[in-house]
Structures are given as structure tokens and as C-alpha cells.
Amino acid sequence: MKPQTTDVRQIAEPRRTADHGRTGHRAPTMPATVHASTASLPDQHDHPALRAALAAAIEDTIIYDLDGIGRQYTALCAELPGVAVRFAMKACPVDEVLGHLARFGSGFDAASPQEIAQALRTGAAPGLIHYGNTVKSDRNIAEAYRLGVRDYATDCLEDVGAIAEHAPGSRVFCRLATTGEGALWGLSRKFGCSPEDALRVLGTARSAGLVPSGLSVHVGSQQMTAEAWVAAVDSLAAVLEALSRRGITPDRINLGGGLPALGVLDRRGRPLEPPLDKMFVVIREGMERLRAVNAAPLDFLLEPGRHLVADHGAIRAHVARLSSRHRLDGTREDWLYLSCGKFNGLYEMDQLQYRLEFPTHSGGQFVDAMVAGPTCDNDDAYAQEDGLVRVPRAITSGDPVWVHSCGAYAAAYATRGFNGFAPLPYTCVGGPAPDGGGA
Ligand SMILES: Cc1ncc(COP(=O)(O)O)c(C=O)c1O
């Protein structure tokens with residue numbers, strides 16, 4: 001294996017032109033002219049601790065930068081003063097990450113009794129954990145109640161009845177449906193109800209001895225527009241007003257997840273550039289508006305997942321093979337097969353691209369290649385559109401590849417060993433820092 005260096009900063013920028021004909025040589029050898037350097041990337045790529053850990057790794061691993069995650073948490077709290085964070089555990093159910101966030105004062109959005117138990121084990125107080133999954137069995141609810149959770153998401157009468165029976169007296173917040181427009185992953189069908197349903201749900205909750213404590217939304221994951229929160233606030237305001245006419249006055253609004261990662265690329269390799277500042281402005285304005293509408297003071301929660309962790313995790317993978325083949329129509333294609341793919345860390349690779357860095361190759365010639373994972377499965381690849389990635393031609397089996405901004409959902413989505421490719425081990429750098437202090 002070649003020695004790794006930290007000063008070589010060749011980050012593969014996927015080829016953006018759409019000039020790949022359907023015939024002929026699809027991926028010609030290119031001189032090394034177009035590269036993104038880390039200087040031009042969002043500064044999370046420049047975290048020295050993460051880079052040092054990537055450089056030090058001699059085997060494949062996911063690395064989480066706890067200090068980076070802590071900074072992200074602090075920055076988010078500064079942008080949205082007074083908003084309490086409930087980290088969406090599914091985005092990174094790693095003990096050290098959860099424990100670190102708990103030390104900063106974060107609470108947790110759990111989706112199962114198992115996640116609740118993990119949050120408790122890693123340092124969260126039961127009062128800072130809510131059961132944010134609208135889908136739960138009687139047994140799930142009873143177990144969550146036994147573990148001390150008294151806050152439940154809901155969106156239908158059947159679930160309200162079950163909560164009243166198995167978690168008596170608890171607080172419930174009703175999730176309103178959103179369109180999911182503007183998000184890479186809309187969450188519009190499986191979760192959330194109409195405004196009319198929400199009135200029935202919270203009215204029934206009150207009659208059943210539960211506390212109708214609030215409303216929630218989720219605008220869709222990796223949301224790319226500020227307008228999504230404008231629409232969500234419109235809907236929340238209308239339901240608050242209608243609830244007030246029924247004598248129900250919630251004390252809490254949960255604005256859900258959806259805040260984006262900054263360092264990922266779209267399916268064609270173009271940088272995703274979400275208007276984060278505008279999103280924060282819209283959320284702050286929305287909070288003011290909702291406070292004005294509600295008859296009683298309102299607290300606000302947020303359930304960020306990917307925004308807190310995506311850009312502070314990276315994978316050290318290696319090259320399985322750079323190869324060249326001809327398709328049936330005679331088109332030549334170059335393929336870069338990595339040791340890591342959809343089933344052992346990069347589950348989202350069919351919807352977006354991660355920035356790749358080849359630390360042992362700083363110059364020479366490049367080829368524009370399809371990128372795929374190591375398994376014998378066709379889906380284990382970047383979307384096969386125009387998302388070719390510029391890869392050093394001299395790269396060889398075993399060479400390290402750094403995959404950036406994959407700290408969210410990488411660990412949770414890894415299979416138990418599809419085709420024998422086991423989930424990657426993980427490493428954490430940085431850590432223990434402040435106790436308390438967060439919202
Ligand atoms: C209820 C709930 N809250 C929060 C999140 C986190 O979303 P994101 O990672 O987009 O912030 C999810 C993700 O699916 C979710 O289901």
C-alpha cells in the first residue's frame with residue numbers, strides 16, 4: 001500500500017458535461033485540469049482532525065469527528081435561539097456521538113424502544129427523549145412508557161387510542177403532513193395527517209386523558225428550499241388557530257428534521273448548495289408568527305439528523321479496481337469499484353454523490369468513471385446518468401479513497417453483511433467537551 005499523505009488534496013470533482021455520446025468512447029482519458037481543491041469546498045472538509053484520522057487509517061473505517069459535530073450543534077443553537085434540539089438518532093446511532101451530543105445538552109428523537117434504551121444508556125434524561133415515530137405497536141408504546149418516555153408523536157386515532165391505553169396521561173403531538181417538495185427525500189405519504197385529522201386526533205387525545213401538547217412537521221430530508229418551512233408554518237398556524245377555537249392550546253411546536261448537509265453533490269455530481277441562511281431566517285420568522293397565533297407561550301423543538309452529522313463523518317475506503325469495459329453498443333466505460341458502497345455505508349449513493357478524494361494520487365492523467373460499490377448488486381452504484389467522476393488513471397487496487405460528508409445514515413443503513421461485505425467499523429476523533437449548556 002502506498003503511504004498516505006495529508007497534504008495531497010485532490011478531491012474528485014465529477015465531470016459535469018453532458019457530452020457523453022451514446023456511442024464511441026464514453027470516458028476518455030483526460031489531462032488533470034479540473035479538480036476541486038479543499039480550499040473551494042465547504043470548510044468542514046478542512047477539519048484537520050478528520051483528515052488526520054483519515055490519513056492515519058490503514059484499514060477501511062467510518063470516522064466521526066465529535067468536535068465537528070459539537071461545533072455544528074453549537075452553531076445550530078446560535079442560529080435558532082431558544083429552540084431545543086432532539087437529535088434524530090436514526091441519522092447516527094453511534095454511542096459516542098449520542099453521548100457527545102447529550103453532553104452538549106441535546107435531547108433525542110427516538111423511533112423505537114431500542115433507540116430509547118440507547119439514548120438512555122448514552123446519557124440522555126428520559127424527559128429529553130420523545131418517541132417521534134408515528135408508527136408503533138402496543139408493545140412498543142408500553143415499553144417506551146416503561147423506559148420513562150412521556151412524549152409521543154401521533155397522526156391517527158388508532159395510535160392515539162393505543163397511547164392512551166399503554167402510556168396513560170402522556171403528552172402527544174400530532175404530525176401534520178407536508179408535501180415533501182424541495183427535498184431529496186420527501187416524507188409525505190407514510191407520515192402525517194391533514195389539518196382536519198389533526199383536530200380530531202388532538203381532540204380525541206384530550207378526551208382520552210392524554211395531553212394534546214403540540215404539533216409537528218417534517219419538510220423532507222435534505223430539504224433544498226426555504227419555502228418548505230414557509231408552507232409548514234402556514235399549515236401549523238392554521239391548525240393552531242382552529243385548535244384554539246376548540247379550546248386546545250398546545251405548548252410546543254416540533255419543526256422536525258430536514259436541514260441539509262452542505263458537502264454533498266447531486267446525482268450528476270453538481271454541488272448541492274442549500275440556502276441555509278435563508279432557511280434559518282424563515283424558521284425564525286415562522287416561530288415568531290406561530291407565537292403570535294397561539295394563546296399560550298410556545299416552546300420549539302427541532303429534530304435535525306443529517307445536518308448535525310453528515311459533514312463531520314467520512315469513510316476511509318479503498319479501491320477494489322479501476323476497470324474498463326465495452327457495453328453491447330460498443331461504448332467504452334470506465335468503472336471505479338470501491339470497497340464501500342450502498343450496502344456497507346453509502347446507502348444514499350443512488351440519490352446523491354459524495355466527494356471522493358484519492359490521497360495517494362496528486363497528478364497525472366485522469367479518467368471519467370462510473371463509481372460503484374463492491375457487491376454483486378446492480379443498485380450498488382452512483383446513479384448511472386451523467387455522474388461520472390474524475391479518477392486518477394494510475395489508481396490501483398488497494399489505494400485509499402476518502403469519502404467525504406457521509407456521516408449521516410451511513411452506520412444505520414449498513415446491512416449485516418450483504419454478499420459478505422460487513423458493516424464498516426467506526427472510529428471517533430475528538431470528544432468529551434462541555435456538559436450541559438445546550439437548549
Ligand atoms: C421524525 C423524524 N425526525 C427527524 C428526522 C431527521 O431528518 P433529517 O435527517 O432530514 O434531519 C427524520 C428522518 O427520517 C424523522 O423521521
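Here are some short exercises on this structure, each with a worked solution.

The model is predicted: local features need pLDDT of at least 70, side-chain atom pairs count only at pLDDT 80 or more, and totals for chains, interfaces and linings use all residues. Residues are numbered from 1 along each chain as its sequence is written.

**Exercise 1. Get an overview of the protein.**

Step 1: start with the elements. The protein has 11 helices and 20 strands; helices (H or I, at least four residues) and strands (E, at least two) are DSSP runs, numbered from the N terminus.

Step 2: turn to burial. A residue is buried if 20 or more other C-beta atoms lie within 10 Å of its own, exposed if 12 or fewer, and partly exposed in between, with C-beta atoms placed from the backbone. Of the 439 residues in the protein, 51% are buried.

Step 3: look at contacts, which need C-beta atoms, placed from the backbone, within 7 Å. Among contacts between residues at least 6 apart in sequence, 75% join residues at least 24 apart.

**Exercise 2. Check the span of helix 8 and find its buried side.**

Step 1: the expected span is 1.5 Å times one less than the number of residues. For the 19 residues of helix 8 (residues 227–245) that gives 27 Å, and the end C-alpha atoms are 28 Å apart, which agrees.

Step 2: list the buried residues. They are Ala228, Trp229, Ala232, Val233, Ser235, Leu236, Val239, Leu240 and Leu243. They lie on the same side of helix 8, because they cover an arc of only 165 degrees around the axis; the arc is that of the directions from the helix axis to the C-beta atoms.

Step 3: turn to the other side, where Asp234, Glu241 and Arg245 are exposed.

Step 4: find the packing partners. The buried residues of helix 8 pack against elements including helix 7 (195–207), strand 10 (211–216) and helix 9 (276–293).

Step 5: go past the end. Helix 8 is followed by glycine 247, with a positive phi near 80 degrees.

**Exercise 3. Repeat the search for helix 6.**

Step 1: in helix 6 (residues 157–166), the buried residues are Asp159, Val160, Ala162, Ile163 and His166. Their arc around the axis is only 165 degrees, so they sit on the same side of helix 6.

Step 2: Glu158 and Glu165 are exposed on the other side.

Step 3: the cover over the buried residues of helix 6 includes helix 5 (138–146), strand 7 (151–154), strand 8 (171–175) and helix 7.

**Exercise 4. Place strand 17 among its partners.**

Step 1: strand 17 (residues 366–372) is largely enclosed by the rest of the structure, because 6 of its 7 residues are buried.

Step 2: two strands pair if DSSP finds at least two bridges between them. Strand 15 (residues 332–338) pairs with strand 17 in the parallel sense over 3 bridges, and leucine 336 stands opposite valine 371 in strand 17.

Step 3: strand 18 (residues 389–392) pairs with strand 17 in the antiparallel sense over 4 bridges. Aspartate 368 has arginine 390 in strand 18 as its bridge partner.

**Exercise 5. Describe the surroundings of leucine 120.**

Step 1: leucine 120 lies in helix 4 (residues 113–121). With 18 other C-beta atoms within 10 Å, leucine 120 is partly exposed.

Step 2: leaving aside neighbours within four places in sequence, leucine 120 is in contact with Pro126 and Leu147.

Definitions and conventions
Two residues are in contact if their C-beta atoms, placed from the backbone, lie within 7 Å.
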